[in-house]
Amino acid sequence: MNLLSLAWKSLRQRRTGVLLTVVTIALSVFLLLGVERVRVDARRGFSSTVSGTDLVVGARSGPVNLLLYAIFHVGEATNNITWKTYQDIRAMPEVSWTVPLSLGDSHHGFRVVGTTTDFFVHYRYGARQALSFVQGSEFSDLYDAVVGAEVARQLHYKVGDSIVLAHGLGGLSTALHADKPFRIKGILAPTGTPVDATIAVSLEAIEAIHVDWRGGMRLPGRETSAESTRHMDLTPTAITACLVGLNSRLSSFAVQRAINEYPDEALLAVLPGVALGELWHLIGTAESALRAVSAMVVLVGMSGMLTALLAMLNERRREMAILRAVGASARTVFALLVVESTLLTTLGAALGCLLLFGIVAIGHDYLLAHAGLVLELAPSSSEWGLLVAVIVLGVLAGAIPGSIAYRRSLVDGLQVRL
């Protein structure tokens, strides 16, 4: 305790340099833990983009490609699933529910998803969280639309606004479905998933806006009004993909095999968790780069502390000599510098943790709405491990000037150098 008190008093005498050192370490720790928090939570959020869904079914391609266009709405499907095939999948005794997805249109760069109201009932993300509305409700009319949080934020939409969808992803003025505008019926709460950047409409609405289109082109001379379309048979002929929930997860592999061997059509059923793991393996190499950068920042912070300690050590040679003169052993001088270094590192680490937790707590909603990140407040086990590693580095950094002071003799400290 006497050594700790002495170290604390010594640091207080050099408070300006000590403060700068603590701030440097705090910023280093903040960056290290911040990168780790983003890495861990981004991976957790990525792997739980869709939860509670047992199978994702689409035309036969590759698992990653199917996941990209069906869940993340990136790229295009190689083929569609006929409505009859979808009905056959839905009628399987092991299947509890299905959610059809029809993709292909857009609105100002955001994807349009044709689906049913079952989408808002069965789609889960994160820890099996259900979709919720900040305004309005699910679509009920043929020309109702539900927009994600990111769509509403960027385009400044509110319930009741009128929007026009575009054919395909280009959004050309010649490809607009301007004759059949939609009314925004609801706005979803932020989820941190691709749902935030989508516009959901009914499957019948997708059919309605394409009654005058064939092969991606508007038929010349055909202009079916929005009202007359309401009285037509709008049963879909095909969909892009579907989400499948089973009565028991134990039957996942059996149903997957049955769908993959479906005789009338080339289909692919994938387990979302497995496919998400494969996809993360492809794009997750950035993890190593992020951790390397943050580790280098911490090393720079430790180097700064070591430099400060060595610089101050030369000024404290007489102080060290006086301590030796009043009875302190060389080991005591060594321990004093190690304790000072440990205190600096611990204070910096604590300040860095408080800074991180404060920013996460204050900016939780902002990060979710603008970056799609759901950051947890509680530190993970990996973060505790990193904190321990930082403090150990601080102890080792203090051992270097401590060993120098340990080797210096009493006479060297008391002599006057011109």
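**Close-up 1. Cavities found in the predicted model.** Searching the whole of this predicted structure turns up two cavities of 30 Å³ or more. The second largest cavity holds about 80 Å³ of space.

**Close-up 2. What lines the second largest cavity.** Around this space sit Ala70, Ile71, His73, Leu101, Val113, Phe119, Tyr123, Pro194, Val195 and Leu243. Sorted by class, that lining comes out as nine nonpolar residues and one polar residue, with no charged ones. His73 counts as the polar one, because the polar class takes in whatever is on neither the nonpolar nor the charged list.

**Close-up 3. The buried side of helix α9.** Helix α9 runs over residues 252-260, and its buried residues are Ser252, Val255, Gln256 and Ile259. These four end up on the same side of α9 because they cover an arc of only 105° around the axis. That fits the usual helix pattern: with 3.6 residues a turn, residues three or four places apart point the same way.

**Close-up 4. What covers α9.** The cover over the buried residues of α9 includes the strand β1 (55-59) and the helix α4 (83-90). Also part of that cover are β16 (241-246) and β17 (267-270).

**Close-up 5. Two buried cysteines, and no disulfides.** Cys242 is buried, with a relative accessibility of 0%. Cys353 has a relative accessible area of 11%, so this cysteine is buried too, given the cut-off of under 20%. As for disulfides, the count comes to zero, taking a pair of cysteine sulfur atoms within 2.5 Å as the criterion.

Methods: Residues are numbered from 1 along each chain as its sequence is written. This is a predicted model: local features need pLDDT of at least 70, side-chain atom pairs count only at pLDDT 80 or more; totals for chains, interfaces and linings use all residues. Side-chain values use heavy atoms; hydrogens and water are left out. On a 1 Å grid over the protein atoms alone, a cavity is a set of points where a 1.4 Å probe fits but cannot get out, and a pocket is an open set with protein on both sides within 12 Å along at least five of seven lines; lining residues have an atom within 4 Å of a point. Grid points are joined across faces, edges and corners, and a volume is the space filled by probe spheres set on the points. Buried means under 20% relative accessible area, exposed over 50%, partly exposed in between (1.4 Å probe, protein chains only). Helices (H or I, at least four residues) and strands (E, at least two) are DSSP runs, numbered from the N terminus. The arc is that of the directions from the helix axis to the C-beta atoms. Contact means heavy atoms within 4.5 Å.
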